[in-house]
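Work through the following exercises with the sequence and the model at hand. Each task is followed by a solution in steps.

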Amino acid sequence: MPAEAKVPASTARPATQPATSPLTERQEARRRRILHASAQLASRGGFDAVQMREVAESSQVALGTLYRYFPSKVHLLVATMQDQLEHMHGTLRKKPPAGETAAERVAETLMRAFRALQREPHLADAMVRALTFADRSVSPEVDQVSRQTTAIILDAMGQDDPTADQLSAVRVIEHTWHSALITWLSGRASIAQVKIDIETVCRLIDLTSRSGER
(Lines give C-alpha, C1' and ligand atoms only; values in the text may rest on other atoms or scores of the structure.)
Protein backbone atom coordinates (compact mmCIF):
# COMPACT_ATOMS: atom_id res chain seq x y z
CA MET A 1 0.00 0.00 0.00
CA PRO A 2 1.41 3.45 -0.83
CA ALA A 3 2.57 5.47 2.14
CA GLU A 4 -0.25 7.51 3.59
CA ALA A 5 -0.19 10.87 5.32
CA LYS A 6 -1.01 10.87 8.99
CA VAL A 7 -4.68 11.08 9.81
CA PRO A 8 -5.53 14.77 10.26
CA ALA A 9 -6.21 15.82 13.82
CA SER A 10 -9.66 16.99 12.78
CA THR A 11 -10.73 13.38 12.22
CA ALA A 12 -9.98 12.33 15.77
CA ARG A 13 -11.03 13.20 19.27
CA PRO A 14 -8.99 12.51 22.42
CA ALA A 15 -9.02 8.81 23.17
CA THR A 16 -11.17 7.62 26.03
CA GLN A 17 -10.70 4.59 28.21
CA PRO A 18 -12.74 1.61 27.01
CA ALA A 19 -15.76 0.90 29.15
CA THR A 20 -15.23 -1.79 31.73
CA SER A 21 -18.91 -2.56 32.29
CA PRO A 22 -20.82 -4.58 29.67
CA LEU A 23 -23.08 -2.72 27.28
CA THR A 24 -26.81 -2.77 27.84
CA GLU A 25 -29.00 -4.30 25.16
CA ARG A 26 -29.86 -0.83 23.87
CA GLN A 27 -26.21 0.25 23.82
CA GLU A 28 -25.19 -2.92 22.01
CA ALA A 29 -27.89 -2.34 19.39
CA ARG A 30 -26.61 1.21 18.92
CA ARG A 31 -23.04 -0.06 18.57
CA ARG A 32 -24.17 -2.61 15.96
CA ARG A 33 -25.83 0.16 13.95
CA ILE A 34 -22.66 2.23 14.06
CA LEU A 35 -20.48 -0.66 12.88
CA HIS A 36 -22.96 -1.50 10.11
CA ALA A 37 -22.97 2.12 8.91
CA SER A 38 -19.17 2.21 9.00
CA ALA A 39 -18.91 -0.96 6.90
CA GLN A 40 -21.46 0.30 4.37
CA LEU A 41 -19.72 3.64 3.88
CA ALA A 42 -16.30 1.97 3.60
CA SER A 43 -17.66 -0.55 1.07
CA ARG A 44 -18.80 2.31 -1.15
CA GLY A 45 -15.74 4.52 -1.04
CA GLY A 46 -12.98 3.18 1.18
CA PHE A 47 -11.21 4.96 4.03
CA ASP A 48 -11.96 8.52 2.91
CA ALA A 49 -15.69 7.78 2.58
CA VAL A 50 -16.01 7.04 6.29
CA GLN A 51 -16.78 10.43 7.82
CA MET A 52 -17.88 10.47 11.45
CA ARG A 53 -20.79 12.86 10.82
CA GLU A 54 -22.12 10.61 8.04
CA VAL A 55 -21.71 7.52 10.21
CA ALA A 56 -23.69 9.25 12.96
CA GLU A 57 -26.47 10.23 10.57
CA SER A 58 -26.63 6.80 8.95
CA SER A 59 -26.73 4.98 12.29
CA GLN A 60 -29.18 7.48 13.78
CA VAL A 61 -27.05 8.47 16.75
CA ALA A 62 -25.85 11.88 17.87
CA LEU A 63 -22.33 12.79 16.80
CA GLY A 64 -21.26 13.20 20.42
CA THR A 65 -22.62 9.72 21.20
CA LEU A 66 -20.65 8.25 18.30
CA TYR A 67 -17.42 9.77 19.65
CA ARG A 68 -18.11 8.26 23.06
CA TYR A 69 -18.16 4.82 21.44
CA PHE A 70 -15.30 5.48 19.01
CA PRO A 71 -12.95 8.47 19.59
CA SER A 72 -11.86 8.56 15.93
CA LYS A 73 -12.57 6.88 12.63
CA VAL A 74 -9.39 4.83 13.04
CA HIS A 75 -10.87 3.38 16.27
CA LEU A 76 -14.13 2.84 14.40
CA LEU A 77 -12.62 1.10 11.37
CA VAL A 78 -10.38 -1.17 13.45
CA ALA A 79 -13.47 -2.16 15.46
CA THR A 80 -15.25 -2.71 12.13
CA MET A 81 -12.49 -5.11 11.11
CA GLN A 82 -12.88 -7.05 14.36
CA ASP A 83 -16.62 -7.23 13.72
CA GLN A 84 -16.08 -8.46 10.15
CA LEU A 85 -13.63 -11.12 11.37
CA GLU A 86 -16.11 -12.24 14.02
CA HIS A 87 -18.76 -12.66 11.35
CA MET A 88 -16.29 -14.61 9.17
CA HIS A 89 -15.44 -16.82 12.15
CA GLY A 90 -19.09 -17.74 12.56
CA THR A 91 -19.36 -18.56 8.86
CA LEU A 92 -16.19 -20.67 8.96
CA ARG A 93 -17.47 -22.65 11.95
CA LYS A 94 -20.57 -23.60 10.00
CA LYS A 95 -18.37 -25.01 7.22
CA PRO A 96 -14.99 -26.03 8.71
CA PRO A 97 -11.95 -26.49 6.45
CA ALA A 98 -11.44 -29.98 5.06
CA GLY A 99 -7.63 -30.25 4.93
CA GLU A 100 -5.99 -33.36 6.39
CA THR A 101 -3.27 -31.48 8.27
CA ALA A 102 -3.49 -28.46 10.54
CA ALA A 103 -1.36 -26.47 8.09
CA GLU A 104 -3.72 -27.28 5.20
CA ARG A 105 -6.79 -26.35 7.27
CA VAL A 106 -5.33 -23.02 8.37
CA ALA A 107 -4.23 -22.14 4.83
CA GLU A 108 -7.70 -22.97 3.51
CA THR A 109 -9.34 -20.94 6.27
CA LEU A 110 -7.18 -17.86 5.70
CA MET A 111 -7.70 -17.99 1.95
CA ARG A 112 -11.46 -18.20 2.46
CA ALA A 113 -11.25 -15.16 4.74
CA PHE A 114 -9.04 -13.42 2.17
CA ARG A 115 -11.52 -14.08 -0.63
CA ALA A 116 -14.34 -12.70 1.52
CA LEU A 117 -12.34 -9.47 1.87
CA GLN A 118 -11.54 -9.59 -1.85
CA ARG A 119 -15.27 -9.31 -2.57
CA GLU A 120 -15.27 -5.96 -0.70
CA PRO A 121 -11.97 -4.34 -1.75
CA HIS A 122 -12.89 -0.80 -0.62
CA LEU A 123 -13.90 -2.07 2.81
CA ALA A 124 -10.76 -4.21 3.07
CA ASP A 125 -8.58 -1.25 2.11
CA ALA A 126 -10.26 1.02 4.67
CA MET A 127 -9.82 -1.47 7.50
CA VAL A 128 -6.19 -2.23 6.66
CA ARG A 129 -5.39 1.49 6.41
CA ALA A 130 -6.92 1.99 9.85
CA LEU A 131 -4.70 -0.75 11.27
CA THR A 132 -1.70 0.94 9.65
CA PHE A 133 -2.61 4.33 11.14
CA ALA A 134 -3.41 2.93 14.61
CA ASP A 135 -1.33 4.34 17.46
CA ARG A 136 -1.23 3.29 21.10
CA SER A 137 -4.63 4.83 21.80
CA VAL A 138 -6.16 2.19 19.50
CA SER A 139 -4.38 -0.73 21.21
CA PRO A 140 -7.58 -2.25 22.73
CA GLU A 141 -9.25 -2.41 19.31
CA VAL A 142 -6.08 -3.72 17.61
CA ASP A 143 -5.75 -6.37 20.33
CA GLN A 144 -9.33 -7.47 19.62
CA VAL A 145 -8.49 -7.91 15.92
CA SER A 146 -5.42 -9.96 16.85
CA ARG A 147 -7.37 -12.13 19.30
CA GLN A 148 -10.10 -12.76 16.74
CA THR A 149 -7.55 -13.74 14.09
CA THR A 150 -5.79 -16.03 16.56
CA ALA A 151 -9.09 -17.69 17.46
CA ILE A 152 -9.84 -18.31 13.77
CA ILE A 153 -6.43 -19.92 13.24
CA LEU A 154 -6.57 -22.06 16.41
CA ASP A 155 -10.05 -23.28 15.47
CA ALA A 156 -8.75 -24.36 12.08
CA MET A 157 -5.83 -26.10 13.76
CA GLY A 158 -8.22 -27.91 16.12
CA GLN A 159 -6.06 -26.69 18.97
CA ASP A 160 -7.56 -25.69 22.34
CA ASP A 161 -4.32 -25.66 24.32
CA PRO A 162 -1.50 -24.46 22.03
CA THR A 163 2.13 -24.62 23.08
CA ALA A 164 4.34 -21.53 23.19
CA ASP A 165 5.94 -22.62 19.90
CA GLN A 166 2.55 -23.01 18.26
CA LEU A 167 1.43 -19.56 19.45
CA SER A 168 4.64 -18.12 18.05
CA ALA A 169 3.89 -19.77 14.71
CA VAL A 170 0.35 -18.35 14.81
CA ARG A 171 1.74 -14.84 15.33
CA VAL A 172 4.05 -15.21 12.32
CA ILE A 173 1.10 -16.47 10.25
CA GLU A 174 -0.98 -13.46 11.33
CA HIS A 175 1.81 -11.08 10.32
CA THR A 176 2.14 -12.77 6.93
CA TRP A 177 -1.61 -12.68 6.32
CA HIS A 178 -1.74 -8.99 7.18
CA SER A 179 1.26 -8.27 4.94
CA ALA A 180 -0.37 -10.25 2.12
CA LEU A 181 -3.48 -8.09 2.42
CA ILE A 182 -1.38 -4.94 2.11
CA THR A 183 0.60 -6.13 -0.91
CA TRP A 184 -2.55 -7.37 -2.67
CA LEU A 185 -4.45 -4.13 -1.98
CA SER A 186 -1.55 -2.09 -3.34
CA GLY A 187 -1.44 -4.20 -6.51
CA ARG A 188 1.99 -5.65 -5.72
CA ALA A 189 0.85 -9.27 -5.35
CA SER A 190 -1.61 -11.50 -7.19
CA ILE A 191 -4.08 -13.82 -5.51
CA ALA A 192 -1.93 -16.73 -6.71
CA GLN A 193 1.13 -15.27 -4.95
CA VAL A 194 -0.86 -14.61 -1.79
CA LYS A 195 -1.98 -18.27 -1.78
CA ILE A 196 1.61 -19.49 -2.14
CA ASP A 197 2.81 -17.24 0.70
CA ILE A 198 -0.02 -18.30 3.01
CA GLU A 199 0.51 -22.00 2.31
CA THR A 200 4.26 -21.61 2.86
CA VAL A 201 3.99 -19.86 6.23
CA CYS A 202 1.33 -22.30 7.44
CA ARG A 203 3.90 -25.11 7.25
CA LEU A 204 5.29 -23.65 10.48
CA ILE A 205 2.31 -25.25 12.21
CA ASP A 206 3.38 -28.77 11.31
CA LEU A 207 6.99 -27.97 12.26
CA THR A 208 6.00 -26.73 15.71
CA SER A 209 3.68 -29.70 16.19
CA ARG A 210 6.50 -32.14 15.47
CA SER A 211 8.81 -30.14 17.75
CA GLY A 212 6.34 -30.52 20.62
CA GLU A 213 6.19 -34.29 20.16
CA ARG A 214 9.92 -34.79 20.72
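**Exercise 1.** Find which backbone nitrogen a side-chain oxygen of Ser72 reaches at the start of α4, and compare the span of α4 with the expected one.

Solution. The model is predicted.
- Step 1: A side-chain oxygen of Ser72 lies within 3.2 Å of the backbone nitrogen of Val74, at the start of α4.
- Step 2: Helix α4 covers residues 73-94, which is 22 residues.
- Step 3: From first C-alpha to last, α4 reaches 32 Å, and this is close to the 32 Å expected at 1.5 Å a residue.

**Exercise 2.** Describe how α4 and α6 cross: at roughly what angle, and within what distance do their axes come?

Solution. Two packed helices are described by the angle and the distance between their axes.
- Step 1: The axes of α4 and α6 come within 8 Å.
- Step 2: They cross at roughly 120 degrees.
- Step 3: α4 is therefore oblique to α6, since angles of 65 to 115 degrees count as roughly perpendicular and those over 145 as roughly antiparallel.
- Step 4: The crossing of α4 and α6 is left-handed.

**Exercise 3.** Helix α6 spans residues 121-133. Establish how Asp125 and Arg129 are paired, and whether they are buried or exposed.

Solution. Side chains of opposite charge can pair when their charged atoms come close.
- Step 1: Asp125 and Arg129 are four residues apart in α6, so about one helical turn separates them.
- Step 2: Their side chains form a salt bridge, with N to O at 3.0 Å. The cut-off is 4 Å.
- Step 3: Asp125 and Arg129 are both buried, which means that each has under 20% relative accessible area.

**Exercise 4.** Analyse the pair Glu108 and Arg112 in the same way.

Solution.
- Step 1: Both residues lie in helix α5 (residues 102-118), four residues apart, or about one turn of the helix.
- Step 2: The salt bridge between the side chains of Glu108 and Arg112 has an N to O distance of 3.6 Å.
- Step 3: Glu108 counts as partly exposed because its relative accessibility is 30%. Arg112, at 24%, is also partly exposed.

**Exercise 5.** Analyse Glu199 and Lys195, then give the count of salt bridges.

Solution.
- Step 1: Helix α9 (residues 191-213) holds both Glu199 and Lys195, four residues apart, about one turn of the helix.
- Step 2: Their side chains meet in a salt bridge of 2.5 Å, N to O.
- Step 3: Glu199 has a relative accessible area of 33% and is partly exposed. Lys195 is partly exposed at 35%.
- Step 4: The count comes to five salt bridges, including the one between Glu199 and Lys195.

How values were computed
Residues numbered from 1 in each chain as written. Predicted model: local features only at pLDDT ≥ 70, side-chain atom pairs only at ≥ 80, totals over all residues. Heavy atoms only, no water. Helix = DSSP H or I, 4+ residues; strand = E, 2+ residues; numbered from the N terminus. Buried < 20%, exposed > 50% of the residue type's maximum accessible area, 1.4 Å probe, protein only. Expected span 1.5 Å × (residues − 1). Polar contact = N/O pair within 3.5 Å; in protein donor to acceptor, adjacent residues only side chain to side chain. Axes fitted to C-alpha atoms, helices over the stretch in contact; angles between N-to-C directions. Parallel < 35°, antiparallel > 145°, perpendicular 65-115°, else oblique. Left-handed = near helix turned anticlockwise from the far one by under 90°.
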